[in-house]
Amino acid sequence: ATRTAATRGSRALAVRRALLVASPVLAGLFLVLGALADPASGLSGDKMTRIYIDNPDPLQWKSTGYHWAYAFWIGTALMVAPLVRGRGAWLATVAAVIGFAGMVTLPGMLMSDWYQAGIGHAYGLQGVKQVEDHMISTMWGIKGFMVVGIPALALALPLAAAGLWRAGVVRW
């Protein structure tokens with residue numbers, strides 16, 4: 001029984017390590033998908049919104065690609081925490097908490113792209129502007145997601161890497 005348990009544990013550890021390596025790679029691949037699919041790449045404002053309204057299929061590929069890119073990128077910080085013992089454990093733990101907060105806020109914000117296109121299809125560009133203006137001026141939850149999600153994207157993985165380095169798990 002001990003040998004079986006050790007073999008299962010070894011397989012589980014191998015799978016976790018493989019997922020840890022695969023997650024940033026998957027994040028990069030999904031990021032490329034999102035960037036290539038974006039029908040309004042490099043644009044902003046009314047011109048971008050009009051293109052998104054007129055091109056819902058590429059918009060969905062863009063948003064879905066970015067959603068999974070953010071999730072796999074930030075999720076990597078969660079998978080690092082159990083590997084760090086002793087020195088660096090606090091950094092890895094903070095990275096995991098920040099990563100969790102980012103993972104549950106930032107990717108979900110991309111659904112707004114689909115709502116924006118749907119509102120624009122039904123009510124035109126002016127309808128999109130009215131809804132966005134109302135939401136930004138009266139709803140604090142959107143700002144709360146942005147305040148958590150954007151810094152988490154920037155901080156979670158570098159903090160996790162610093163925790164790994166401090167613990168001596170990786171060398172620079």
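In the predicted model, helix α2, which spans residues 45-54, packs against helix α3, residues 56-80, at an angle of about 105 degrees. The axes of α2 and α3 lie 6 Å apart. Angles of 65 to 115 degrees count as roughly perpendicular, and α2 and α3 are therefore roughly perpendicular to each other. On the α2 side, the contact is made by Tyr52, Ile53 and Asp54, which meet Pro56, Leu59 and Lys62 of α3. Sorted by class, the residues in this contact comprise 4 nonpolar and 2 charged residues, with no polar ones.

Helix α2 is also linked to a part of the chain further along the sequence, through Asp46. This residue forms a salt bridge with Lys129, in which the closest N and O atoms are 2.8 Å apart. Because Asp46 belongs to helix α2 and Lys129 to helix α6, the pair ties together parts separated by 83 residues in sequence. Across the whole structure, 3 salt bridges are found.

Helix α6 also takes part in the lining of the largest pocket. This pocket encloses about 570 Å³ of space. Its lining consists of 18 residues, of which Met109, Ser112, Asp113, Met135 and Ile142 are the closest to the pocket centre. At least two lining residues come from each of α5 (106-109), α6 (111-138) and α7 (140-166). The largest share is supplied by α6, with 11 residues. In terms of residue class, 12 of the lining residues are nonpolar, 4 are polar and 2 are charged.

Definitions and conventions: Residues numbered from 1 in each chain as written. Predicted model: local features only at pLDDT ≥ 70, side-chain atom pairs only at ≥ 80, totals over all residues. Heavy atoms only, no water. 1 Å grid on protein atoms, 1.4 Å probe; cavity = no way out; pocket = protein on both sides within 12 Å on 5 of 7 lines; lining within 4 Å. Points joined across faces, edges and corners; volume = space filled by probe spheres on them. Helix = DSSP H or I, 4+ residues; strand = E, 2+ residues; numbered from the N terminus. Nonpolar A, V, L, I, M, F, W, Y, C, P; charged D, E, K, R; others polar. Axes fitted to C-alpha atoms, helices over the stretch in contact; angles between N-to-C directions. Parallel < 35°, antiparallel > 145°, perpendicular 65-115°, else oblique. Contact = heavy atoms within 4.5 Å. Salt bridge = Lys/Arg side-chain N within 4 Å of Asp/Glu carboxyl O.
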